[in-house]
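Please open the structure in your viewer and keep the selection tool at hand. The tour below proceeds from one selection to the next and states what is found at each stop.

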Amino acid sequence: MPLLVKLLVQRIALGLLLLFLVSILIFVGTIILPGDVAQSILGQSATPEALANLRAELGVNDPPVARYFAWLGGVLTGDLGTALTSGLDIAESLGSRLSNTLFLAFWAAIIAVPLAIFLGLLAVRYRERWPDKLISAVTLASISVPEFLIGYVLMFFIGVKLRLFPSTAVSFRPDASLGDKLEAIALPIAVLTLVVLAHMMRMTRAAILNVMQSAYIETAELKGLSMFTIIWKHAFPNSIAPIVNVVMLNLAYLVVGVVVVEVVFVYPGMGQYLVDHVSKRDVPVVQACGMVFAAVYIGLNMVADIVSILSNPRLRHPK
Amino acid sequence: MKDQIDYLKVRAALGKITRREFMGRMGALGVSAALANTMLADAVRAAGPQKGGTLRVAIQGGSSSDSLDPALAANSVATQVNRFWGEALVELAPGGGIQGKVAESFESSPDATVWTFKLRPGITFSNGQNVTAEDVVATIERHSGEETKSGALGLLRNIKDVRADGDSVVIELDGPNADLPYYMADYHLMIQPNGGKDDPTAAIGTGPYILKDVEMGVRFVAEKNPNYWGDLGNAETIELLVINDNTARVAALQSGQVDMIDRVPPRTAGLVARAPGVNVHTTSGPGHYVFIMHCNTAPFDNNDVRLALKHGINRQEMVDKILFGYGSVGNDTPINASYPLYTELEQRTYDPDKAKFHLDKSGFDGSILLRTSDNSFPGAPDAAALFQQSLSSAGIDLEIKREPNDGYWSEVWNAQPFCTSYWGGRPTQDQMFTTAYLSTADWNDTRFNNEQFDQLLVAARAELDEGKRKQMYADMGTILHNEGGLICPMFNDFIDATSDRIAGWEQGEKGFGLMNFYAPMKMWVAA
């Protein structure tokens, strides 16, 4: 399919250009922030000599442009460098953090996406009746409450009072059994699910309702098909594009937007790692995390675009 | 009935009956739950430390960007981790004074300029190497050399020469200092093989534990060092978790995920203490929350302006509303009863009339700008607002500027003429004054320059007569109290909490919170 190839090449090239621009933005951003890495490492107890020694050792006395190109050169040859603060290899630390974040996002998505779509279908089936209203009310309420508050509420009732699941994810070990791992992150998964549910559910509902106005749905109804068959077989395939779009957006959110949830539940993922290093002005680590987050975001949006183009014959065969 | 109670106490302490059973039977005997709880704790303590088990600790302050190099330790987690694997030459004794660690004993020349530390014989690093005087010399060199970035550099600056002399280390100073052993107890100065010059982050030392698993900013696992020279350390394994979020840390203790936490927020400490199975411990310490004025910048270069502000602050109100009672009032010096050689000065109280008098006398007329931020101390913006109100009754107009947390310590503190800040305190008055009030100090954050103060400080270092020394510190305190740029409304308590699963808390240890970070080693798993 030459169209698909052309599309992919085009999108990937655009994505790379975007990544390059993002890297410049992040670098400039970290330079504008007050304070520098040496000051942050030594904190309130920094002496001028200690600061000067540390700055020289970290090589942050070079002009910013030179540092940026040194970094870019490293990345293009596959070397993310080492963290200024801890001296650890970034690729290695980032790898384990990223896999933790993806693990959490994956399980949250496994639960949230089907649940959201199912609830959306259910809401359409019982449109304007109590199940629809109940689903909308609950999911809208959960998206309106800040994530950290949902986290605290679940922590207090499920973790401290009922003791069903651990109140924080501190018992999470990457090498533990799947069951233990899932138990440790049960509450973070629950919070993430509650946060992303409403958006996807509402979009599913709206997209399908939109299609439900069409003449062919009326035909299907007149054929005597059951409501669920109509929704599932006729309405859903035609509303795939907007749903996939919003699902991808939320998947991206599950990866890049979990900072608050990770911090609250003490989960050793990318979010906590990024926050720690931003506050220390550790530019190479912030750059690396920014690149990964941007790549995830751009990548998932690309998938959404491609799926919606492929699912729509009018876009697939443009005039 | 007393026999029955004693019998049950012994059974409970030996673990023959559960806590729940004990409380139930006590209730049947008509003993209140609170009293029974205390009795159980006493009984468990009387039974003596239990060895073995895993003790789980969650504390605040760690970050994945931390380093294991003790020279760079700058937060509670790093300090705690250093205590596991390493030891300094000496350490603060729990009740005050100094006790030997890597050094068995120490003595000074009569003028306190040459100090000799005799090493404890036959002790080894956790890699099996013997500890030599050369290792100690190399350690001090690494923290005090030209190239160093050690947080202890400021303390070691007046060392002229360090040399090994058999199994002793001789430190020669460029002037007398009666407090040198206190300097050597600093938490950065862990003795490492060859001073850590080869591998500063190896975490090889003489401490009671050995690090087995390290995930910076997340989790540390330490196991008992089988070759440790002393009897410190009860649990077989200590798991240290970094939980920076206050609510999550308290929840982890309440849900039994951990046995010990530090820094319970004062706002909720009362509630936490009421939860079953949780004990809250408060320890008064040298830490204080401050408003600092630059004595060399207008309008604060006029002592009457400084006095007006000092009289216009309501200290008790701050202790009640900012510390929720977990602290004590300050007296515009950085020193309180937690310091050795402390002398109480007359307490300055809130007096709007005197404030107005001094302001009128100064001739200053206008508003005063105070900078503050959330991270300068917990509740700093609220404290600034309280200050604004108490000053307004004296007719003084205080303008508050909220600064971002980011960069506060580099752009505002020690740079702007009037801001909020905190000090963790130091083990001795000399150290506190030398760090921040000597006219040449790196962190002279009040730009205080008083010749008489400087002379007294240097003279006190050479004074080995305690009575005279105490008087000198009292005089220095008075100078700061009357002329300094420091407004110190309150000293904050350390608030820690432990679960019933562990026992052995000792009240009132000097130094930092968590029994000067020795609680994980000194407490034991009881249930």
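How many residue pairs are in polar contact across the interface of chain B and chain A? In this predicted model, the rule finds 9 such pairs, with both residues at pLDDT 80 or more.

**The interface as a whole**

Colour chain A and chain B separately, and then select the residues where they touch. On the side of chain B there are 40 residues in contact with 40 residues of chain A. Together the two chains bury about 3300 Å², and 53% of this area lies on carbon and sulfur atoms. Now select B:Ser65, B:Lys149 and B:Gln257, which supply 18% of the area that chain B buries against chain A, more than any other three residues.

**A salt bridge between the chains**

Next, select A:Arg173 and B:Glu239 and display their side chains. These two residues form a salt bridge, in which the closest N and O atoms are 2.7 Å apart. Across the interface of chain B and chain A, the rule finds 1 salt bridge. As a general principle, side chains of opposite charge can pair when their charged atoms come close.

**The elements that chain B contributes**

Which elements give two or more residues to the side of chain B that touches chain A? They are β10 (237-242), α8 (246-254), α14 (408-412) and β16 (418-423) of chain B. The element that gives the most is α8(B), with 5 residues. Sorted by class, this side of chain B has 15 nonpolar, 13 polar and 12 charged residues.

**Two helices across the interface**

Keep α8(B) selected and add helix α7 of chain A, residues 147-161. The axes of α7(A) and α8(B) come within 10 Å and cross at roughly 5 degrees. Angles under 35 degrees count as roughly parallel, so α7(A) is roughly parallel to α8(B). Show the side chains where they meet: A:Tyr152, A:Met155 and A:Val160 in α7(A) are in contact with B:Thr247, B:Ala248, B:Ala251 and B:Gln254 in α8(B). The residues of this contact comprise 5 nonpolar, 2 polar and no charged.

**Two helices within chain A**

Move to chain A alone and select helix α5 (residues 90-125) and helix α14 (residues 270-279). Their axes come within 8 Å and cross at roughly 135 degrees, and therefore α5(A) is oblique to α14(A). From α5(A), the residues A:Ile90, A:Ser93, A:Leu94, A:Arg97, A:Leu98 and A:Thr101 meet A:Met270, A:Gly271, A:Gln272 and A:Tyr273 of α14(A). By class, the residues of this contact divide into 5 nonpolar, 4 polar and 1 charged.

**A link within chain B**

Turn to chain B and select B:Arg56 and B:Asp259. Their side chains meet in a salt bridge, at 2.8 Å from N to O. This pair links distant parts of the chain: B:Arg56 belongs to strand β1 (residues 54-59), while B:Asp259 is in the loop between α8 and β11 (260-261), 203 residues apart. Over all chains, the count of salt bridges comes to 29.

**Two backbone details in chain B**

Most residues other than glycine have a negative phi, and most peptide bonds are trans. Two places in chain B may be examined with this in mind. First select B:Ala203, in the loop between α7 (180-184) and β8 (209-215); its phi is positive, near 55 degrees. Then select B:Ala298 and B:Pro299: the peptide bond from the former to the latter is cis, with omega near 0 degrees. B:Pro299 lies in the loop between β12 (278-293) and α10 (303-311) of chain B.

Conventions
Residues numbered from 1 in each chain as written. Chains lettered and ligands numbered in written order. Predicted model: local features only at pLDDT ≥ 70, side-chain atom pairs only at ≥ 80, totals over all residues. Heavy atoms only, no water. Axes fitted to C-alpha atoms, helices over the stretch in contact; angles between N-to-C directions. Helix = DSSP H or I, 4+ residues; strand = E, 2+ residues; numbered from the N terminus. Parallel < 35°, antiparallel > 145°, perpendicular 65-115°, else oblique. Contact = heavy atoms within 4.5 Å. Nonpolar A, V, L, I, M, F, W, Y, C, P; charged D, E, K, R; others polar. Buried area = accessible area lost by both parts, 1.4 Å probe. Salt bridge = Lys/Arg side-chain N within 4 Å of Asp/Glu carboxyl O. Polar contact = N/O pair within 3.5 Å; in protein donor to acceptor, adjacent residues only side chain to side chain.
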